[in-house]
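Visitor: I'd like to learn how to read a protein model. Could you walk me through this one?

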Amino acid sequence: MNVLVVQEEARIASYIKRGLEAEGFAVRAASDGAEGLGLTESSDFDLIILDLVLPTVTGEEVLARLRERGSKVPVIVLTAKDAIADRVANLNAGADDYVTKPFSLSELLARVRARLRSKDQTESTTISYGRVTVDVLAREAQIEGRSVELTSREFALLETLMHHAGQVLSQPQLIDRVWGYDHDTRSNVVEVYVGYLRRKLDPAVVETVRGAGYRFRG
């Protein structure tokens, strides 16, 4: 799957690009609206992640031009503009989703997968590993058929661990994906939330690998 990231802030663009590439996506990046439009004319993309505040051509104008020429490529708006009026205006203009900054990589990846899944409804919206199943669209989790109520952050951590089941993910990796690029990687927040998951699901679902991180066992 080919994704275009149109984002002026280089640090955020690099963060998104690394996260998408780690999940197997091919990613191109543009730092302004004109460059982004040019790339859409010369290459085919499966999805676009679009900032609104861009030099040369605004994100709103990029979206309008795409839809005027009949492009149906899914567009996820990613912006610091968090007013309801901005959200409504862009969704009405043809955006498929709207994410506000600050954001977590886990949430953004979930929204990317959801938009791409809508192009092929035969693909399952659930992830199962061991005793645990999650529905990433309904944001529901079960263990051995028992429903478990999770907060949005707990669900994001569980989904991230399940996407990498059997692998060891370090604390900085989990913070980067679940809490975002601007969160302090020295925080003990991962340990705290792993504890929440163990209490709500089962103590054995997440293994602590001393000195390395955490591994999902299911």
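**Starting from one lysine**

Guide: Let's begin with Lys-101, which has 14% relative accessibility and so counts as buried. The cut-off for "buried" is under 20%. Keep in mind that this is a predicted model.

Visitor: Where is Lys-101 placed along the chain?

Guide: Look at the loop between β5 (97-100) and α5 (105-117); Lys-101 is in there.

Visitor: And which residues is Lys-101 in contact with?

Guide: If we skip its neighbours within four places in sequence, the contacts of Lys-101 are Gln-7, Glu-9, Ile-12, Asp-51, Leu-78, Thr-79 and Ala-80. Have a look at Glu-9 in particular: its side chain and that of Lys-101 are joined by a polar contact of 3.4 Å.

Visitor: Okay, now the sheet. What is the order of the strands?

Guide: Reading across, you get β2-β1-β3-β4-β5, an open sheet of five strands with parallel pairing. At the edges stand β2 (26-30) and β5, and each has a single partner strand, so one side of each is left without a neighbour in the sheet. From one strand to the next, the twist averages 20 degrees.

Visitor: How do I read the pairing of β1 with its partners?

Guide: Take them in turn. With β3 (residues 47-50), strand β1 (residues 2-6) pairs in the parallel sense over four bridges. You can spot Leu-4 opposite Ile-48, and Val-5 opposite Ile-49. With β2, strand β1 again pairs in the parallel sense, over five bridges. Here, find Asn-2 opposite Ala-26.

Visitor: Why is β1 described as largely enclosed by the rest of the structure?

Guide: Because four of the five residues of β1 are buried.

Visitor: Which way do side chains point along a strand?

Guide: The general idea is that in a regular strand they alternate between the two faces of the sheet.

Visitor: Let's bring in the helices. Which helix makes a unit with β1 and β2?

Guide: That's helix α1 (residues 10-22): together with β1 and β2, helix α1 makes a right-handed β-α-β unit.

Visitor: And which strands does helix α3 lie across?

Guide: Helix α3 (residues 59-68) lies across β3 and β4 (75-79), and runs at about 155 degrees to β3.

How values were computed: Residues are numbered from 1 along each chain as its sequence is written. This is a predicted model: local features need pLDDT of at least 70, side-chain atom pairs count only at pLDDT 80 or more; totals for chains, interfaces and linings use all residues. Side-chain values use heavy atoms; hydrogens and water are left out. Helices (H or I, at least four residues) and strands (E, at least two) are DSSP runs, numbered from the N terminus. Buried means under 20% relative accessible area, exposed over 50%, partly exposed in between (1.4 Å probe, protein chains only). A polar contact is a pair of N or O atoms within 3.5 Å; within protein, one must be able to donate a hydrogen and the other to accept it, and residues adjacent in sequence count only if both atoms are side-chain atoms. Contact means heavy atoms within 4.5 Å. Two strands pair if DSSP finds at least two bridges between them. Axes are lines fitted to C-alpha atoms, for helices over the stretch in contact, and angles run from 0 to 180 degrees between N-to-C directions. A crossover is right-handed if, with the strands pointing away from the viewer, the path from the first strand over the helix to the second runs clockwise.
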